Amino acid sequence: MAKSDRFFFENFVSAAECCCIAANYLEECLAHFDPANIREMLVKMHSYEHTADGKRHEMSAALAKAFVTPIDREDLAELSHDIDEVADCIEEVMQRIYVNRVQTIMPEAVTFAGYIVKCCDLMKELLTELANFKKPQKLRDIIMQIGQLEEDCDRLYLEATVRVPEFTDDVLGILFWREIFDHLEACADACEHVSECVGSVIMKNT
């Protein structure tokens, strides 16, 4: 593989790693939540999102200069955007917890964060394998795993939102927690969007 081509694939893996770090940090924050430290959590989480955003800007700059790309530049740009969206969604969960002045974390939210960690790990595995897109069987297997995990997240989302009134009988609290679970589900959806984009790349190139 040409060095210029290698950059694109390595950029995707680096961006996915930022998402993995952010997801692990989210799970850690929810599992050991201290509302007194929420601002510190926000700052740290934003640093991970900012790093992921930087990877997207690097990709955009490289695409602007590249004469030839290993796959369609539109697909490279879309995939870069979709990976960055995962980091954005993870950060938004933390922002909702801050804005909603959450004091205690629902156990289901910690479980959900663990699922997001698994989604991001699979996404990184998928993007690590992307350079072998002309031999796509392993990529297809990982795409299927991500789809199954996203379905697990859908089930958890339904179970968790049903249980919110058991956790709090405050009307605003119910609305706030359902909003937080909306954002957690969006993280899983964002990971699936990445896998769908990879699936499109495979379809066009094999």
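Me: Let a salt bridge be a side-chain nitrogen of Lys or Arg within 4 Å of a carboxyl oxygen of Asp or Glu. How many salt bridges does a search of the whole structure find?
Reply: The structure is a predicted model, in which local features need pLDDT of at least 70 and side-chain atom pairs count only at pLDDT 80 or more, whereas totals for chains, interfaces and linings use all residues. Residues are numbered from 1 along each chain as its sequence is written, and side-chain values use heavy atoms, with hydrogens and water left out. Side chains of opposite charge can pair when their charged atoms come close. Over the whole structure, the number of salt bridges found is nine.

Me: Which parts of the chain does the salt bridge of Arg-56 and Asp-84 tie together?
Reply: The side chains of these residues meet at 3.0 Å, N to O. Helices are DSSP runs of H or I with at least four residues, numbered from the N terminus. Arg-56 and Asp-84 are 28 residues apart in sequence, so their pair ties together helix 2 (residues 38–65) and helix 3 (residues 73–99).

Me: Which residues are linked with Asp-53 in a network of salt bridges, and is Asp-84 buried or exposed?
Reply: The network joins Asp-53 to Arg-56 and Asp-84. Relative accessible area under 20% means buried, over 50% exposed, and in between partly exposed (1.4 Å probe, protein chains only). Arg-56, at 24%, is therefore partly exposed. Asp-84 has 5% relative accessibility and so counts as buried.

Me: Which residue meets Glu-179 in a salt bridge?
Reply: Glu-179 is partly exposed at 26% relative accessibility. Its partner is also partly exposed, at 22%. The two side chains meet at 3.4 Å, N to O, and the partner is Arg-96. The pair links distant parts of the chain, 83 residues apart: Glu-179 lies in helix 6 (residues 171–205), and helix 3 holds Arg-96.

Me: How far apart are the end C-alpha atoms of helix 2?
Reply: The expected span of a helix is 1.5 Å times one less than its number of residues. For the 28 residues of helix 2 the expected span is 40 Å, which agrees with an end-to-end C-alpha distance of 41 Å.

Me: Which helices do the buried residues of helix 2 pack against?
Reply: Among the buried residues of helix 2 are Ile-38, Leu-42, Met-45 and Met-59. With contact meaning heavy atoms within 4.5 Å, the buried residues of this helix pack against helix 1 (3–31) and helix 3.

Me: What kind of aromatic pair do Phe-167 and Trp-177 form?
Reply: Rings of Phe, Tyr and Trp (its six-membered ring) pair if their centres lie within 6.5 Å; planes under 30 degrees apart are stacked, over 60 edge-to-face, and the rest tilted. The count by this rule is six aromatic pairs. For Phe-167 and Trp-177 the centres are 5.9 Å apart and the planes at 80°, so the pair is edge-to-face.

Me: Which residues have the most contacts inside the largest nonpolar core?
Reply: A nonpolar core is a set of buried Ala, Val, Leu, Ile, Met, Phe, Trp, Tyr and Cys residues joined through side-chain atoms within 4.5 Å. Not counting residues up to four places away in sequence, Ile-90 touches residues including Cys-19, Met-45, Ile-116 and Cys-187. The largest core has 74 residues, and those with the most contacts inside it are Ile-90, Leu-127 and Phe-181.

How values were computed
Helices (H or I, at least four residues) and strands (E, at least two) are DSSP runs, numbered from the N terminus.
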